[in-house]
Amino acid sequence: MNSDMILSIRDLQITFKTYDGDVQAVNGVDLDIGQGETVGLVGESGCGKSVTAKAILALLPARTTSVTGKILFQGQDLLQFTEKEILKIRGNWISMIFQEPMTSLNPGLKIGDQIAEALVLHQAMSWPQARLEAVEMLDQVRIPSPKIRAGNYPHSLSGGMRQRAMIAMALSCQPALLLADEPTTALDVTIQAQILELMKQMQAKLNTAILLITHDLGLIAEVAERVLVMYAGRVVEEAPVKDLYKNPLHPYTQGLLGSIPVLGEKFTSGRQSLVEIPGTVPSLFDLPGGCAFHPRCRHTMEICRKQAPPRTAPDATRKVACWLNTEKE
């Protein structure tokens, strides 16, 4: 592994065992994050983004999930760690901001105590010291009256406040890697900007790496340096953000970018409506043969129906899995 890479994932395969049979949620994902880097992971719901993040922290149910491949954090394969070893990493060296704070926060514990618990466990703070630090963290994420809110239970906070409390908890131990799963979904635009600025400040101060999981391509353009696009459990394109937005290579990426509304565009480009991607995301129980995107692609060739495309590298910074680009090379 490159010494500059804090996280390197290789050939990640995640399969869920269900009553209807096995279903492969993630198929052969490769991903690298350098120290202090922000990498975006985008795609439609159900493509495997959140599952990939949960696999990093061993948060998937072991009895019903098979996870293979390599997840190298600072050179060590997390898939080989025991539960006790993972507990020392989780919430300390690697933290996660979850998409649904109400189901992630403990409803029976006060917000301040939930933040303080991580500090007592991982930072060897006393409870009084940790509770003071928890109030400070709530203040940093712009929660009004943080001392009062620290004594509240999750149900008494609004959705936006719960999300900010989750972010305060994730940042409290100053992690080396932050997994942010839709971190600003429940927040209004003003608070969203404040949270993103807080994450940037923490990153600058601690050289923290961030994996930003979202469906919001505008958010990716604002904060990420590289982006990976997922579809049906596979990474179909990887590129520096500027290159991806300027010249998307995969038809799915082109469709995603074409569906973004741009104020006044029809007056400058003549485009009268948003470009839509036809069809729907396939069920993981019944993926089409060959390239999973081919039923929705306007460039489908015969080989697309029969064989999944290999990942190719048009240049040193880009990767794409599409027969169109393979044919060009």
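Student: What makes H7 roughly parallel to helix H8 (residues 189–206)?

Tutor: In this predicted model, H7 and H8 pack at an angle of about 0 degrees. Angles under 35 degrees count as roughly parallel. That makes H7 roughly parallel to H8. Their axes are 12 Å apart.

Student: Which residues make that contact between H7 and H8?

Tutor: H7 supplies Arg164, Ile167 and Leu171. H8 supplies Ile191, Ile195, Leu198 and Met202. By class, six are nonpolar, none is polar and one is charged.

Student: Why are H4 and H7 called roughly parallel to each other?

Tutor: The axes of H4 and helix H7 (residues 159–171) cross at roughly 20 degrees. The cut-off is under 35 degrees. H4 and H7 are therefore roughly parallel to each other. Their axes come within 9 Å, and the crossing is right-handed.

Student: Which residues of H4 and H7 meet?

Tutor: Ile111, Gln114 and Ile115 in H4 meet Ala165, Ala168 and Met169 in H7. This contact has five nonpolar residues, one polar and no charged ones.

Student: Why do residues three or four places apart point the same way in an α-helix?

Tutor: An α-helix has 3.6 residues a turn, so residues at that spacing point the same way.

Student: What makes H4 oblique to H5?

Tutor: Helix H4 (residues 111–123) and helix H5 (residues 127–140) pack at about 120 degrees. The roughly perpendicular range is 65 to 115 degrees, and roughly antiparallel starts over 145. An angle of about 120 degrees falls in neither range, and that makes H4 oblique to H5. The two axes are 8 Å apart. The crossing of H4 and H5 is right-handed.

Student: What residues build the contact of H4 with H5?

Tutor: On the H4 side they are Ile111, Gly112, Asp113, Ile115, Ala116, Glu117, Leu119 and Val120. On the H5 side they are Trp127, Ala130, Arg131, Glu133, Ala134 and Leu138. The classes come to nine nonpolar, one polar and four charged.

Student: How do you know that helix H11 is mostly covered?

Tutor: Buried means under 20% relative accessible area. In H11 (residues 251–258), seven of the eight residues are buried. They are Pro251, Tyr252, Thr253, Gly255, Leu256, Leu257 and Gly258.

Student: Why is Leu284 called partly exposed?

Tutor: Its relative accessibility is 23%. Buried needs under 20%, and exposed needs over 50%. Leu284 therefore counts as partly exposed.

Student: Where is Leu284, and which residues does Leu284 touch?

Tutor: Leu284 lies in the loop between helix H12 (265–269) and helix H13 (302–306). Leaving out residues up to four places away in sequence, Leu284 touches Val23, Gln24, Ala25, Gly46 and Ala232. Leu284 and Met230 are 54 residues apart in sequence and 14 Å apart in space, C-alpha to C-alpha.

Student: What makes Arg234 partly exposed?

Tutor: Arg234 has a relative accessible area of 36%. The partly exposed band lies between 20% and 50%, so Arg234 is partly exposed.

Student: Where does Arg234 lie, and what does Arg234 touch?

Tutor: Arg234 lies in strand E10 (residues 234–240). Not counting residues up to four places away in sequence, Arg234 touches Asn27, Val229 and Ala308. Arg234 and Leu12 are 222 residues apart in sequence, yet 9.7 Å apart in space, C-alpha to C-alpha.

Student: Which phi is noted for Ala58, and which for Gln74?

Tutor: Ala58 has a positive phi of about 55 degrees although it is not a glycine. Gln74, also not a glycine, has a positive phi of about 50 degrees. Ala58 is in the loop between helix H1 (49–56) and strand E4 (65–73). Gln74 is in the loop between E4 and strand E5 (76–77).

Student: Why are Ala58 and Gln74 called partly exposed?

Tutor: Ala58 has a relative accessible area of 38%. For Gln74 the value is 44%. Partly exposed runs between 20% and 50%, so Ala58 is partly exposed and so is Gln74.

Student: How do you know that the chain is as compact as a globular protein of that length?

Tutor: The chain has 14 helices and 12 strands. Its radius of gyration is 21 Å, close to the 20 Å that the globule rule gives for 329 residues, so the chain is as compact as a globular protein of that length. Along its principal axes the C-alpha trace spans about 65 × 50 × 40 Å. Of the 329 residues, 48% count as buried.

Conventions. Residues numbered from 1 in each chain as written. Predicted model: local features only at pLDDT ≥ 70, side-chain atom pairs only at ≥ 80, totals over all residues. Heavy atoms only, no water. Axes fitted to C-alpha atoms, helices over the stretch in contact; angles between N-to-C directions. Helix = DSSP H or I, 4+ residues; strand = E, 2+ residues; numbered from the N terminus. Left-handed = near helix turned anticlockwise from the far one by under 90°. Contact = heavy atoms within 4.5 Å. Nonpolar A, V, L, I, M, F, W, Y, C, P; charged D, E, K, R; others polar. Buried < 20%, exposed > 50% of the residue type's maximum accessible area, 1.4 Å probe, protein only. Rg over C-alpha atoms; globule rule 2.2 N^0.38 Å.
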